[in-house]
Each structure stands twice: as structure tokens, then as C-alpha cells.
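Colleague: I am new to this structure and would like to understand how its helices pack. Could we go through it step by step?

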Amino acid sequence: MNLSVEEYKKRHADWNLVDAGQVNYRIGIKGITITEAKRLKGNVILPDCIKEEKVTTIGKKAFFGEEQLRVLYLPQSVRKIEDWAFVHCSGLQELWIPRSFEELGKDVFLHTDHLNRIVVYDETGIYEEEAVLTAATFTLWQNAEGLQLGAVGSKGWYEAFDQRLLRYLEEPDDQGFVPFLAGGEEDYEGVETDVEYYKGCRRRQKVRLVYERLRHSCYLETEGKKALVDYLQQHNRVGEKADGSMAETFFLLTELVDEAFEYYQIYTDLGLATRENIEFLVQAAQGNCAELKAYLLRYQQQALPERDAWQQFTL
């Protein structure tokens, strides 16, 4: 937890406040339920009141298919998100949600594949360091037992997260794969039908969570850390298969050049960088992040010096 909500809003003055004409809603005994959004774009703040009534619920499919929505700030008055509320929000990357939030429906974030951050906040400040981990508790594990928002950042929350993460890493990579379109109210569309692609996505998802947990190692026990490091090592074999399916520890870094400097530091600190793969990482950083490229080149020179011909011959 660091800067306050108001300070954060000042730094993000480009966020747009939604007005009543941009949403459909109904008024009930417990306040307003948002029933439909109308082509919202970019970074959006949902108001806490409409016509002097508190906004308390995000209704079923309320934001269905809002593909141009990038960041959504839910006010502290929101207590409930109903089923399929954010299905097919393919552009949604970050959600702000109050710590006092109480109830999450089913399949709320189905096919909202880029939602990597859920920022929890209250009147005292922001739990931003846990944002990636919190997103996993919602999108992957449906706010599982022990991982409720009210406990975010506590020792108990981290312990529950680690237990669930270790179970997740042990799950088969094809778990949940559906090789056909499912019908019905859920509006499942575009379900991935390539099992190998699905498995690769699952592994990258697992690897990113491992990096993120090692990055924020608060309350991480020795045995848990060892299991996470072992997982990264097991998935760092570059070139084992043509599609790189056994090397997500490495390939994820090349996909996150602009946002994962600390992941690179974890990768090198664990000794996972080799003479064979360091060149690929340097090339990935080329033209994207001068600081990262300099770090990798320095690491290459200091930790992975080239052997001269006589050294190679004597070995």
C-alpha cells in the first residue's frame, strides 16, 4: 500500500467520469444496479451516485463486449458484481475495486484475457503491489476461500494465496480446455480449440504468477519459494520443442520487455540466463528499454564471459 486514492487520481487526470447517459441502470431497494454500458472507451471512472442513489451492483452482462475499455474504477459503494458482467472485455487490463466489496458472480471475467491487474483500495490507500496476484484470485480462482478482498496484504491472505498457487502449478496444463463452442446464456464464443496453444497460455500464466510472487516475496516461506524456483527452472529449456512449449520462463520475458525489468532481475539472480539464451534477451530489449539492455549486457560480460579457444579446447 502506498499513495492515497486521491493522489493516484490526480496522477491520472485523463480518466473519464461516466455520466448517466453512458449507462443503463435500474433503481432498487439496495441502490442502483448498472445493467448496460454504452461503448465506453479508455480509462473510466464509474460514479458512486446516479440521481442521488448509490451505485451498489454491476448487473449481469453489464459490460459485455466493451472491447475498448482499458481501465475501470468501481466506486466504494459497489458491493456486488453479477454473473458474466465483464465477459468479452478483451481490452480491459486493470480494474479498481473497493476493499469492502462482498459478492462475485460466476464467470464474471470470461474471455477477458488481458485483465492482469485488480487494484484493491479503501479510504486509507491502495494495495497496488498485490494487483497482479489479486487479479489471479478473481480471474482464475473465483475469489477462493481465504482470499477475500478484506484480507488483501495480510499474512493470512498471502498464505492462502501461496497454497492456491502451488496447487495451480500442479494442475494439468490442459485442465479446463473445451474443444468446442458451448451454447447457452453464458454466450461462450471463440473458445480456443487448439489444445497445444491453450496449454502454452496456461504455462505462461503460471510462470507470470511465479515471477510476480517472487517479486513481492512478503511472507513467502522457504519451502514455497523453493517450489516456485523449481517451476521456473523446469520451464526454462529453450529449444526443447519448435514452439518453445517447455521454455515459458524464458519466452515470457521476451513478451514483457516494457513492463518486467524485475522479472529479468529474478531470472538472472536465479542463474537461469545462459550463454545460449542471453543473446535472445538482449535482442528482445533492443529498441524497447535502454536500461534493460544495459543491464543484460553488463550481466553477460560479468557473469557469462566468453571462453577463449584455449579454454574451450582444455574443457
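Modeller: Helix H6 (residues 248-255) and helix H8 (residues 275-285) have axes that come within 9 Å and cross at roughly 20 degrees, where axes are lines fitted to C-alpha atoms over the stretch in contact and angles run from 0 to 180 degrees between N-to-C directions. Helices are DSSP runs of H or I with at least four residues, numbered from the N terminus. This is a predicted model, in which local features need pLDDT of at least 70, side-chain atom pairs count only at pLDDT 80 or more, and totals for chains, interfaces and linings use all residues. Residues are numbered from 1 along each chain as its sequence is written, and side-chain values use heavy atoms, with hydrogens and water left out.

Colleague: How are H6 and H8 oriented to each other?

Modeller: Their axes cross at roughly 20 degrees. Angles under 35 degrees count as roughly parallel, over 145 as roughly antiparallel, 65 to 115 as roughly perpendicular and the rest as oblique. H6 and H8 are therefore roughly parallel.

Colleague: Which residues of H8 make the contact?

Modeller: Contact means heavy atoms within 4.5 Å. On the H6 side it is made by Phe250, Leu253 and Thr254, and on the H8 side by Asn277, Phe280, Leu281 and Ala284.

Colleague: What is the orientation of H2 to H4?

Modeller: The axes of H2 (residues 131-139) and H4 (residues 195-215) come within 9 Å and cross at roughly 135 degrees. That angle makes H2, with respect to H4, oblique.

How values were computed: Helix = DSSP H or I, 4+ residues; strand = E, 2+ residues; numbered from the N terminus.
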